[in-house]
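This report goes through one protein chain, from the whole fold down to two individual residues.

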Amino acid sequence: MSRPRSAQPDARAALRSGLPDRYLTPNDIAEIFGVPRETVYQWRRKRTGPPGFRIGKHVRYDPGEVGAYVAQLKNADRMAV
């Protein structure tokens, strides 16, 4: 009999109710924006997505900076109309 998997919080639900107060992973970012994880890594290489940082070999994202990035995108989109 297999052990039940621990429930992972839904990253998009977290975004709607406010970002979690933990650093986000590339998987979280991919789920929040509804894109493949490879797209998140491409954004990082091209420096076009939300700013991330390394902890050892792991990439993490500050929820506050991700929120600011989204606000910046929304503002740019409104200005373009």
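How much accessible surface does the chain have, and what percentage of it belongs to carbon and sulfur atoms? In this predicted model, the accessible surface comes to about 6,400 Å², and 51% of that area belongs to carbon and sulfur atoms.

The chain has four helices and two strands. Read from the N terminus, the order of these elements is α-α-α-β-β-α. The chain has 81 residues, of which 21% count as buried. Taking contacts between residues at least 6 apart in sequence, 35% join residues at least 24 apart.

Two residues can be set side by side.

| Residue | Place | Relative accessibility |
|---|---|---|
| Asp28 | helix α2 (residues 26-33) | 11%, buried |
| Arg47 | loop between α3 (37-46) and β1 (52-55) | 77%, exposed |

Asp28 sits in helix α2. Asp28 counts as buried because its relative accessibility of 11% is under the 20% cut-off. The side chain of Asp28 also has a polar partner: it makes a polar contact with the side chain of Arg22, at 2.8 Å.

Arg47 lies in the loop that runs between α3 and β1. Its relative accessible area is 77%, over the 50% cut-off, so Arg47 is classed as exposed. The backbone of Arg47 deserves a separate remark: its phi is near 60°, a positive value in a residue other than glycine. Most residues other than glycine have a negative phi.

Note on methods:
Residues are numbered from 1 along each chain as its sequence is written. This is a predicted model: local features need pLDDT of at least 70, side-chain atom pairs count only at pLDDT 80 or more; totals for chains, interfaces and linings use all residues. Side-chain values use heavy atoms; hydrogens and water are left out. Buried means under 20% relative accessible area, exposed over 50%, partly exposed in between (1.4 Å probe, protein chains only). A polar contact is a pair of N or O atoms within 3.5 Å; within protein, one must be able to donate a hydrogen and the other to accept it, and residues adjacent in sequence count only if both atoms are side-chain atoms. Contact means heavy atoms within 4.5 Å. Accessible areas come from the Shrake-Rupley method with a 1.4 Å probe; for residues, only the protein chains shown count as cover.
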